[in-house]
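User: Hi! I am new to reading protein models and would like to learn on a real case. Could you take me through one, feature by feature?

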Amino acid sequence: MTRTKNLCVDLIPVTVLTGFLGSGKTTILAQLVQNPAFVDTAIIINEFGEVGLDHALLEASDESIVDLSCGCICCTIRGDLVSTLTNLYERRTCGEIQEFKRVVIETTGLADPAPIIHTLMQEPKVFDNYRLARVVTTIDAVNGMRVLDHNPEAIKQVAMADTLLITKNDINDPLGIGPLTDRLDGLNPGAVRSICIHGETDPMYFFSGGIYDPSEKSRDVSNWLTKEAASSRHNHHSDINRHGSGIQTFALLRTKAISRGALAIFMQMLADQKGDDLLRLKGLVHLIENPEWPAVVHGVQHVIHPIKRLYAWPDNIVQTRLVFIVKGIEKEWVEDLLNKVTDSAYAGLSV
Ligand SMILES: [Zn+2]
């Protein structure tokens, strides 16, 4: 494999933003797209479900954002990542889109970064025009330890990072972060670390860096990439079982508005009764009290975040959209709970 281009000048730098479900990737991106230093950045967002929300949550102009929904770029739609990057480059070359100077790829929360990094470093259609510059991983100060205990993907996300952004410090007891810091020391002592409050971070964590260098990481990282190289030589098909069969995603859509009180009760009951299996809940909600703007809801296991707002309904479609990533929770059970809460005395409550 020979490259004729000057690696750091001619090739467009790509930063992979990864981090487990609900660890704050989109919150960080939403802040960054408002930062003048972040203009000229093309963003590729990968989401599992058939209803993509992250694009709307960014509240940025459409042109430089590409949604890759309905699959995961580490496994089922790895080829789509290659074609998306190729297509972006072609459109940039012929002037169809603005001349972006860098690309940020936001992975799904369950993504194994190894196949993505392997693809970016070894796929000729990609490395002819792009260079993998950095891997940035979010790790949640509230749920981080538990996530690392139960999810091998999260271990890889941390171990392969150049930068670790420790999120949700605004809701975590600052004294409680010590064990997590020790754990990160063991997994990836060389990574730059930054504490994020309310999702704020410095764009430089995304832009600095020449070329991603696995040799600077633990021996595990090199082994994972070697394994990816071997499996991609023998298997060109997507690996649909990478995340196990127990994880499902579904969406609930509703046009009828919901009261703030009913929404709060619904979210709390979900977290209380199914929190262990509620990997992620996010959505836009049509509130009776504020129909003109969508309320943004986020939940991760037993933690429900305060409601925020967007300034307008995406595509002017006024509709509640709740996306769930769960382990074994039936869609019907969730739908039934929502119906019961909105039909009951709670429906009129305002909190
Ligand atoms: Zn995957």
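User: Let me start with the outside. What does the accessible surface of the protein come to, and what percentage of it belongs to carbon and sulfur atoms?

Analyst: Happy to help! Please keep in mind that this is a predicted model. The accessible surface comes to about 15600 Å², and carbon and sulfur atoms hold 52% of that area.

User: And the inside? What percentage of the 351 residues in the protein is buried?

Analyst: A residue counts as buried when its relative accessible area is under 20%. In this protein, 53% of the 351 residues are buried.

User: How many helices and strands are there in the protein?

Analyst: You will find 13 helices and 13 strands.

User: How do I read a sheet? In which order do the strands of the open sheet of 7 strands lie?

Analyst: Read a sheet from one side to the other, strand by strand. Here the order is β3-β2-β4-β1-β5-β6-β7, and the pairing is parallel. At the edges sit β3 (65–68) and β7 (192–195), each of which pairs on one side only. Neighbouring strands in this sheet are turned against each other by 20° on average, with direction ignored.

User: How many bridges join β2 to β3?

Analyst: Strand β2 (residues 41–46) runs parallel to β3, and 4 bridges join the two. To see a single pairing, look at isoleucine 45, whose bridge partner in β3 is aspartate 67.

User: Now the nonpolar interior. How many residues does the largest nonpolar core have, and which have the most contacts inside it?

Analyst: Think of a core as a network of buried nonpolar residues joined through their side chains. The largest one here has 56 residues, and Ile44, Leu85, Val103, Ile105, Leu120 and Tyr130 have the most contacts inside it. Helix α4 (residues 78–93) gives the most to this core, with 5 residues. Leucine 85 is a good place to zoom in: leaving out residues up to four places away in sequence, leucine 85 touches Ile44, Val103, Ile105, Leu120, Val126 and Tyr130. There is also a second, separate core of 23 residues, with Leu252, Ile258, Leu263 and Leu337 among them.

User: What about contacts across the sequence? What percentage of contacts between residues at least 6 apart join residues at least 24 apart?

Analyst: That share is 78%.

User: Let me try one helix. How many of the residues of α2 are buried?

Analyst: Helix α2 is mostly covered, with 6 of its 8 residues buried. They are Lys25, Thr26, Ile28, Leu29, Ala30 and Leu32.

User: Why does threonine 26 count as buried?

Analyst: Compare its value with the cut-off: threonine 26 has a relative accessible area of 11%, so it is buried, as that class means under 20%. This residue lies in helix α2 (residues 25–32). Setting aside neighbours within four places in sequence, threonine 26 is in contact with Asp54, Leu57, Leu58 and Glu106. With glutamate 106 there is a polar contact between the two side chains, at 2.8 Å.

User: And backbone angles? Which value does phi of aspartate 40 have, and where does aspartate 40 lie?

Analyst: Aspartate 40 is not a glycine, yet its phi is positive, at about 65°. You can find aspartate 40 in the loop between α2 and β2. With 22% relative accessibility, aspartate 40 counts as partly exposed. Histidine 198 also has a positive phi, near 55°, and is found in the loop between β7 and α10 (204–207).

Definitions and conventions:
Residues are numbered from 1 along each chain as its sequence is written. This is a predicted model: local features need pLDDT of at least 70, side-chain atom pairs count only at pLDDT 80 or more; totals for chains, interfaces and linings use all residues. Side-chain values use heavy atoms; hydrogens and water are left out. Buried means under 20% relative accessible area, exposed over 50%, partly exposed in between (1.4 Å probe, protein chains only). A polar contact is a pair of N or O atoms within 3.5 Å; within protein, one must be able to donate a hydrogen and the other to accept it, and residues adjacent in sequence count only if both atoms are side-chain atoms. Contact means heavy atoms within 4.5 Å. Accessible areas come from the Shrake-Rupley method with a 1.4 Å probe; for residues, only the protein chains shown count as cover. Two strands pair if DSSP finds at least two bridges between them. Axes are lines fitted to C-alpha atoms, for helices over the stretch in contact, and angles run from 0 to 180 degrees between N-to-C directions. A nonpolar core is a set of buried Ala, Val, Leu, Ile, Met, Phe, Trp, Tyr and Cys residues joined through side-chain atoms within 4.5 Å.
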